[in-house]
Amino acid sequence: TALGFRPWRDALVAECRARAARDNSTCHDFYPLPNGANALHAVAWYARATFCLQPPGDTVARAAIADAVSVGCIPVLLHPAQLRLWPWHWDA
């Protein structure tokens, strides 16, 4: 990715898959396609989850943060700059 966050994302996916293999849980990772094909699938999983990891992508701002909040999933922000995106929401 443009800002070098790809290694973070890859490490999170690798750990998620390793844990799922160890304890028979599930791991769902979604990489959006340019045509938005994975968006509905991702939002459906957000709606089933309590917490949604939101590592930075090409930038620290991600549409997925708003998608997660819109269906009741609590975003887990992994970069300090993400807290500055919508400051009036996080301290409510």
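Which residues make the nonpolar surface patch of about 330 Å²? Select Trp8, Leu12, Leu53 and Leu78, and you have the patch on screen. Keep in mind as you go that this is a predicted model.

**Getting your bearings**

Colour by secondary structure first. You should find 4 helices and 2 strands, and following the chain from the N terminus gives the order α-α-β-α-β-α. If you then colour by accessibility, buried residues account for 24% of the 92 residues.

**Stop 1: the patch and helix α1**

Go back to the patch and pick out leucine 12. This residue sits in helix α1, which spans residues 6–23. Is leucine 12 buried, exposed or partly exposed? Its relative accessibility is 31%, so leucine 12 counts as partly exposed.

Stay on helix α1 and show the charged side chains, since the structure holds 2 salt bridges. Start with arginine 19 and aspartate 23: they form a salt bridge in which the closest N and O atoms are 3.2 Å apart. The two residues are 4 apart in helix α1, so about one helical turn separates them. Aspartate 23 has a relative accessible area of 39%, which makes this residue partly exposed.

Now select glutamate 15 and arginine 22. Here is another salt bridge, with 3.3 Å between the closest N and O atoms. How do its partners compare with the solvent-accessibility classes? Arginine 22 is exposed, at a relative accessible area of 58%, while glutamate 15 is partly exposed, at 46%.

**Stop 2: the disulfide**

Next, select cysteine 52 and cysteine 73 and display them as sticks. They form a disulfide, with the sulfur atoms 1.9 Å apart. The count for the structure comes to 1 disulfide. Where in the chain do the two cysteines lie? Cysteine 52 is in strand β1 (residues 51–54), and cysteine 73 is in the loop between α3 (63–70) and β2 (74–77). With their positions 21 residues apart, the pair links distant parts of the chain.

Try a dihedral across the bond: the torsion about the S-S bond is about 115°, so this disulfide is right-handed. Both ends are covered by the protein: cysteine 52 counts as buried because its relative accessibility is 5%, and cysteine 73 is buried too, with a relative accessible area of 3%.

**Stop 3: glutamine 54**

Stay in strand β1 and move along to glutamine 54. This residue is buried, with a relative accessible area of 0%. Which side chain does the glutamine 54 side chain contact? Add arginine 62 to the selection: the two side chains make a polar contact at 2.5 Å.

**Stop 4: helix α3**

Finally, select helix α3 and look along its axis. Its buried residues are Ala64, Ile65 and Ala68. They cover an arc of only 105° around the axis, so they lie on the same side of α3. Turn the view to the face directed away from that buried side, and you will find the exposed residues Ala63 and Ser70.

Step just past the end of α3 to glycine 72, where the backbone takes a positive phi of about 90°. From there, select cysteine 73 again, in the loop between α3 and β2, and you are back at the disulfide with cysteine 52.

Terms used
Residues are numbered from 1 along each chain as its sequence is written. This is a predicted model: local features need pLDDT of at least 70, side-chain atom pairs count only at pLDDT 80 or more; totals for chains, interfaces and linings use all residues. Side-chain values use heavy atoms; hydrogens and water are left out. Patches are made of residues with over 30% relative accessible area and no salt bridge: like charges are joined within 9 Å, nonpolar side chains (Val, Leu, Ile, Met, Phe, Trp, Tyr) within 5 Å. Accessible areas come from the Shrake-Rupley method with a 1.4 Å probe; for residues, only the protein chains shown count as cover. A salt bridge is a side-chain nitrogen of Lys or Arg within 4 Å of a carboxyl oxygen of Asp or Glu. Buried means under 20% relative accessible area, exposed over 50%, partly exposed in between (1.4 Å probe, protein chains only). A disulfide is a pair of cysteine sulfur atoms within 2.5 Å. The arc is that of the directions from the helix axis to the C-beta atoms. A polar contact is a pair of N or O atoms within 3.5 Å; within protein, one must be able to donate a hydrogen and the other to accept it, and residues adjacent in sequence count only if both atoms are side-chain atoms.
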